[in-house]
Amino acid sequence: MEEIYVKRNPPVNLRPEDEKLFLDAYQVSFRVRPIHHLENVAILQDTVFSPSHMSFYATHTHVNSLGPLPLGKRVVYCALKKWRTIPHGIWVKDEWSANYFHWMTDCLPRLWLGLNTGLSDRVILHDSYRHLPYVSQSLELLGIQPTYYQSQENIWVKNLVLTPRTSSFPNFHEDLTKMTRERLSVSPKSTPSRLIYISRKYANKRKTHNEIDVELLMIRHGFEVIYTEKMSLKEQIDLMSETKILVSLHGAALTNMLFLPEGSKVVELRNNGDSDTQCYFNLANALNLPYYYTLNQGDSQDTIMTDFTINLESLEETLNQLKN
């Protein structure tokens, strides 16, 4: 395995009393499993099996590796399915991948690893991914041809490039993350100057109770209020290329910092007391983007599921600091 060491800068507007929230993220290490080139292997549902090695590669296809019983059930379930043979492909997904953040920050870095082998230029995905706009649109922008398979069939792959996760969550492989920026970002037509607040008004979870007050505050400070649910991936990338400051509540919209020009700034509206949910702080560091934050009252400590009341005073203080 490859051992990766990461050292991160603290938030630009760090208050001394908040440092305990970030301390564990300042220096970390993680291991990356090797990439495999496998010949004549089977894709059974969501796993890869090599008959010649009599081995499943569940550590590469799942975040939480599968034990003997789940693997056995997959064999029984797939026994009567029809087979289809494909010449080659790259495996990049796991059980978290059907999500904007994980597709952009986990799957695309794995795709770069696979493409760098020169063994295949196609990514293998379940048919459900065909209906995820950010998947189909990103592959189209990259000129990558997907090979989709359906639930009622098994796939026999003559040459499979089996990529590993390129980092442990919530960390990032910095070189591969920057490669996503390089391959999908566009050059701004002028010096980035737009101030963007991405609202979660139309999201199905993690909303803000005082969203109207937040939007009015942002507008007063010269920010545009954006709803990414109404935008294509290309439109979001173009918007980010012109953005000087990006502000949003913790959520998938902050993944769009991938497409910010160097020197742009990121503000995350975080859950008060949460020292675990560091993915966007870590992503900003991987991209060398100045990171700012505010702490806000969540209805619970479960940042992923809770709704928030935004601390307007803290937000205004941070916006004034950014202006100065």
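**Exercise 1. Work out how much accessible surface the chain has and what share of it belongs to carbon and sulfur atoms.**

Start with the total: the accessible surface of the chain comes to about 15,000 Å², using the Shrake-Rupley method with a 1.4 Å probe. Next, split by atom type: 50% of that surface belongs to carbon and sulfur atoms. A quick word on the source: this is a predicted model, where local features need pLDDT of at least 70 and side-chain atom pairs count only at pLDDT 80 or more, while totals for chains, interfaces and linings use all residues. Residues are numbered from 1 along each chain as its sequence is written, and side-chain values use heavy atoms, with hydrogens and water left out.

**Exercise 2. Find out how compact the chain is for its 324 residues.**

First, take stock of the elements: the chain has nine helices and 15 strands, which are DSSP runs (helices H or I, at least four residues; strands E, at least two) numbered from the N terminus. Then check the radius of gyration, taken over C-alpha atoms: the value is 21 Å, close to the 20 Å from the globule rule, so the chain is as compact as a globular protein of that length. That rule is 2.2 Å times the number of residues to the power 0.38. Finally, look at cover: 54% of the 324 residues are buried, meaning under 20% relative accessible area with a 1.4 Å probe, protein chains only.

**Exercise 3. Place strand 13 among its neighbours.**

Begin with the strand itself: residues 265-271 form strand 13, and six of its seven residues are buried. On to the partners, where pairing takes at least two DSSP bridges between strands. Strand 12 (residues 243-249) runs parallel to strand 13 over five bridges, and Ser248 has Glu268 as its bridge partner. Strand 14 (residues 291-298) also pairs with strand 13 in the parallel sense, over six bridges; here Val266 stands opposite Tyr291.

**Exercise 4. Describe the surroundings of Pro192.**

Locate the residue first: Pro192 sits in the loop between helix 5 and strand 10. Now its exposure: with a relative accessible area of 21%, Pro192 is partly exposed, the class between buried and exposed (over 50%). Last, list the contacts (heavy atoms within 4.5 Å): leaving out residues up to four places away in sequence, Pro192 touches Ser241, Glu242, Thr243, Lys244 and Pro261. One of these, Ser241, is also among the buried residues of helix 7 (residues 233-241).
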